[in-house]
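Below are some notes on the fold, set out as numbered points. Please read them alongside the coordinates.

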Amino acid sequence: MRVFLSSLLCAAILGYRAGAVVIDDFSMTSQKFLSSGVPEGFTLDLNEERLVQFAEDDKPVWITEREKIRAKALGRKFFDITHTPWFKRPPTSLAPSLAYPAPDKQNLVNTVIANLTVDGMISNLQKFTSFRTRYYRSETGKESQKWLLNRISEITAEYASPSLTYLITLTEFTHPWGQNSIILKIKGASEAAAVENGTVVIGAHQDSANTIPFLPAPGADDDGSGTVTILETYRGLLASNYTPVQDVEFHWYSAEEGGLLGSQAVAQSYAQENVNIHSMVQFDMTAWVKRGTREEIGIVTDYVDADLTEFIRTLVNTYCGIPYVDTQCGYACSDHASWGKAGYRSAFGIESTFDNSDKNIHSTNDRMDISDEFSFDHMLEFSKLAVGYIIETAGWSKL
Ligand SMILES: [Zn+2]
């Protein structure tokens, strides 16, 4: 009730239009920022109408970019479906219903895990968080994407054997807003297995956003941590001369913070082209261990594939030095949701329970040096999990 009264008061003082979202106490400072125009270096029309869906059973609604930013600031999650109002689902024959076997490649997985270190994660994240913001509609967001693309190329050049280099392709999935998603593919040794069992996908989002998008957003945890976690997984696999049987892809999505825009575009494109995806696992926020809590890997249980999620739990037990804990994250929580919507199996691993996760996100305090609760050793546990997921599902072709 108190919240309700103060909200009414605030709304009355500011004369703010309630619009499509509830009346609230979104701060005066925030509103000032959003009413004072778009600064240089950003390509954003705050009055542009966007089609947004807030819940699975809700009808999509048209709201402005300004209202979208405000809704996000209030903690509401959504798909921005302006560019993807409908999804063509892949034929059911392409969405495999194979049971997940018990992990049985411990020797192979542990060889790669032994190669993983925090060194690259630290230096990569230092650079990645040095961009003022990685907002998907900003100049620095484009620059950070180009840096990441180049860093992946450098790692490939440094660690891939000549035979492996031949199997690797690095592409930009272009988006109209300027910051592109990045797709790294390691072609499987068996064309037949790749076609039959599908591509194994692991993802993170590369963009960051302050609650007020024009302000700095180092995005160390959200989702710089996931970005460099899967980059270290990739480096470790290359250093071990890993050759998958099925195709494997690493995705670094653009514009997760704008309403899962990048991952929806990628997932829709794959579905439209009938690409067989074995499964997709997302890592968004992998660094934070809240003081006084047990270090755990959060396994999200809502809006995910239950069988794949159970398989991920088994992988944590097999390959990680810490236990898992189940948690919920809500509708449209991260990029895995785009794959689920497209009819593919997806799962989501996060740093802790949702309650114990990093509360500095979407602010200038989302920094890697903010607290010793930001842990690279914790991130390394997710790199191990990713290595286990990839090798156990895509196999290892020892030619
Ligand atoms: Zn995120």
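Which residue of strand 2 does Arg50 stand opposite?

1. The residue facing Arg50 is Ile63 in strand 2. Strand 1, residues 49-53, and strand 2 pair in the antiparallel sense over 4 bridges.

2. The model is a predicted one. The protein chain contains 13 helices and 11 strands. Of its 399 residues, 48% are buried. Among contacts in the protein chain with a separation of 6 or more, 81% are between residues 24 or more positions apart.

3. Strands 1 and 2 belong to an open sheet of 3 strands, ordered 2-1-3, with antiparallel pairing. Its edges are strand 2 (61-64) and strand 3 (79-80), each of which pairs on one side only. Helix 3, residues 65-73, lies across strand 1, strand 2 and strand 3. The direction of helix 3 is at about 95° to strand 2.

4. Another open sheet has 8 strands in the order 4-5-7-6-8-11-9-10, and its pairing is mixed. The edge strands here are strand 4 (168-173) and strand 10 (324-327), each pairing on one side only. On average, neighbouring strands of this sheet are turned by 25° against each other, direction ignored.

5. Within the 8-stranded sheet, strand 6 (residues 199-205) and strand 8 (residues 277-283) pair in the parallel sense, over 5 bridges. In this pair, Val200 stands opposite Ser279 in strand 8. Helix 9 packs on the sheet and touches strand 5 (181-186), strand 6, strand 7 (248-253) and strand 8. The direction of helix 9 makes about 145° with that of strand 6.

6. Helix 11, residues 306-319, lies across strand 8, strand 9 (297-300), strand 10 and strand 11 (346-350). Helix 11 runs at about 40° to strand 11.

7. How are helix 9 and helix 13 packed, by angle and axis distance? Helix 9 (residues 220-239) meets helix 13 (residues 376-394) at an angle of about 50°, and their axes are 9 Å apart. Helix 9 is therefore oblique to helix 13. Their crossing is right-handed. On helix 9 the contact is made by Ser225, Thr229, Ile230, Glu232, Thr233, Gly236 and Leu237. Helix 13 contributes Met379, Phe382, Ser383, Ala386, Val387 and Ile390. By class, this contact of helix 9 with helix 13 has 7 nonpolar, 5 polar and 1 charged residues.

8. Helix 9 also packs against helix 5 (residues 119-128), at an angle of about 140° and with the axes 9 Å apart. This angle makes helix 5 oblique to helix 9, because only values over 145 degrees count as roughly antiparallel. The crossing of helix 5 and helix 9 is right-handed. From helix 5, the residues involved are Gly120, Met121, Asn124, Leu125 and Phe128. They meet Ala220, Gly224, Thr227, Val228, Thr229, Leu231, Glu232 and Arg235 in helix 9. By class, the contact of helix 5 with helix 9 has 6 nonpolar, 5 polar and 2 charged residues.

9. Thr229 and Glu232 of helix 9 are listed in the contact with helix 13, and Thr229 and Glu232 are also listed in the contact with helix 5. Helix 9 thus takes part in the packing with helix 13, in the packing with helix 5, and in the packing on the sheet.

Terms used:
Residues are numbered from 1 along each chain as its sequence is written. This is a predicted model: local features need pLDDT of at least 70, side-chain atom pairs count only at pLDDT 80 or more; totals for chains, interfaces and linings use all residues. Axes are lines fitted to C-alpha atoms, for helices over the stretch in contact, and angles run from 0 to 180 degrees between N-to-C directions. Helices (H or I, at least four residues) and strands (E, at least two) are DSSP runs, numbered from the N terminus. Angles under 35 degrees count as roughly parallel, over 145 as roughly antiparallel, 65 to 115 as roughly perpendicular and the rest as oblique. A crossing is left-handed if the near helix is turned anticlockwise from the far one by less than a right angle, and right-handed if clockwise. Two residues are in contact if their C-beta atoms, placed from the backbone, lie within 7 Å. Ala, Val, Leu, Ile, Met, Phe, Trp, Tyr, Cys and Pro count as nonpolar, Asp, Glu, Lys and Arg as charged, and the others, Gly among them, as polar. Two strands pair if DSSP finds at least two bridges between them. A residue is buried if 20 or more other C-beta atoms lie within 10 Å of its own, exposed if 12 or fewer, and partly exposed in between; C-beta atoms are placed from the backbone.
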